[in-house]
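Have you ever wondered how words like "buried" or "core" get attached to parts of a protein? Let's work through some examples together.

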Amino acid sequence: MRPDEYVEAVLELVERIPPGRVMSYGAVADALAERSGRSSARLVGSIMARHGGGVPWHRVVTAAGRLPPGHEREARARLRAEGTPLRGDGVDMRAASWSPEEGV
């Protein structure tokens, strides 16, 4: 998979995350690893920072449930409006995590 194809695959997967659910950067990378040959949470984070404005970027968080750095306030407001389970300053990952195998 070429780098531009990987960017598109990441963005397409993020678009599939249903309202009220989230994926971690690493989970996005893992979901695409077999098909892409890549598995880097940092690369997914970089793609989201550069190209994620047109997708529900707020639904991609750290594995610990921390919100996108520098955008915590807006992400929290969007997640709360969608009914995403929150815990403390972040997302309740046990309750909110989504996997592409679950469907939409």
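The questions and answers below go through this predicted model step by step.

Q: How many helices and strands does the chain have, and in what order do the elements run?
A: The chain has five helices and four strands. Starting at the N terminus, the order is α-β-α-α-β-α-β-β-α.

Q: What makes the radius of gyration of the chain agree or disagree with that of a compact globule?
A: A compact globule of 104 residues would be expected to have a radius of gyration near 13 Å, and the chain has 13 Å, so the two agree. To help you picture the overall extent, the C-alpha atoms fit a box of roughly 40 × 30 × 20 Å along the principal axes.

Q: Why is L32 called buried or exposed?
A: Start with the cut-off: buried means under 20% relative accessible area. L32 has 4% relative accessibility, so L32 counts as buried. You will find L32 in helix α2. Setting aside neighbours within four places in sequence, L32 is in contact with Y6, A9, V10, L13, G37 and R38. Y6 is 26 residues away from L32 along the chain, while their C-alpha atoms are separated by 8.4 Å.

Q: What makes A33 buried, exposed or partly exposed?
A: A33 is also found in helix α2. Partly exposed covers the range between the buried limit of 20% and the exposed limit of 50%. A33 has a relative accessible area of 22%, and therefore A33 is partly exposed. Apart from neighbours within four places in sequence, A33 is in contact with R38 and S39. As for I47, which is 14 residues from A33 along the chain, the C-alpha atoms of the pair are separated by 15 Å.

Q: How do you know whether G53 is buried or exposed?
A: To be exposed, a residue needs over 50% relative accessible area. G53 has 71%, so G53 is exposed. The place to look is the loop between α3 and β2, where G53 lies. G53 and L11 are 42 residues apart in sequence, with 9.7 Å between their C-alpha atoms.

Q: Why does S24 count as buried or exposed?
A: The relative accessible area of S24 is 10%, so S24 is buried. S24 belongs to strand β1, which covers residues 23-24. Not counting residues up to four places away in sequence, S24 touches V60, V61, T62, A63 and M93.

Q: What tells us whether V91 is buried or exposed?
A: V91 has a relative accessible area of 5%, and because that falls under the 20% limit, V91 is buried. V91 sits in strand β4, residues 90-91. Beyond residues up to four places away in sequence, V91 touches V22, V61, A64, G65, L67, L79, T84, P85, L86 and A96. From V91 to A77 there are 14 residues in sequence and 12 Å in space, C-alpha to C-alpha.

Q: Which residues have the most contacts inside the largest nonpolar core?
A: They are V10, V44, M48 and V91, in a core of 28 residues. At least two residues of this core come from each of α1 (3-16), α2 (25-36), α3 (41-51), β2 (60-61), α4 (72-82) and α5 (93-96). Helix α1 gives the most, with seven residues. Now take a closer look at V44: leaving out residues up to four places away in sequence, V44 touches Y6, V10, Y25, V28 and A29. In soluble globular proteins, nonpolar side chains tend to be buried together.

Q: How much of the whole chain counts as buried, and how much surface is accessible?
A: Of the 104 residues, 41% count as buried. The accessible surface is about 5,900 Å², and 48% of that belongs to carbon and sulfur atoms.

Q: What share of contacts join residues at least 24 apart in sequence?
A: Taking contacts between residues at least 6 apart in sequence, 60% join residues at least 24 apart.

Q: How far apart are the mean positions of the positive and negative charges?
A: The chain has 15 positive and 14 negative charges, and their mean positions are 6 Å apart.

Methods
Residues numbered from 1 in each chain as written. Predicted model: local features only at pLDDT ≥ 70, side-chain atom pairs only at ≥ 80, totals over all residues. Heavy atoms only, no water. Core = buried A, V, L, I, M, F, W, Y, C linked by side-chain atoms within 4.5 Å. Buried < 20%, exposed > 50% of the residue type's maximum accessible area, 1.4 Å probe, protein only. Contact = heavy atoms within 4.5 Å. Rg over C-alpha atoms; globule rule 2.2 N^0.38 Å. Areas by Shrake-Rupley, 256 points an atom, 1.4 Å probe, with all protein chains shown as cover. Lys, Arg positive; Asp, Glu negative; His and termini not counted. Charge placed at Lys NZ, Arg CZ, Asp CG, Glu CD.
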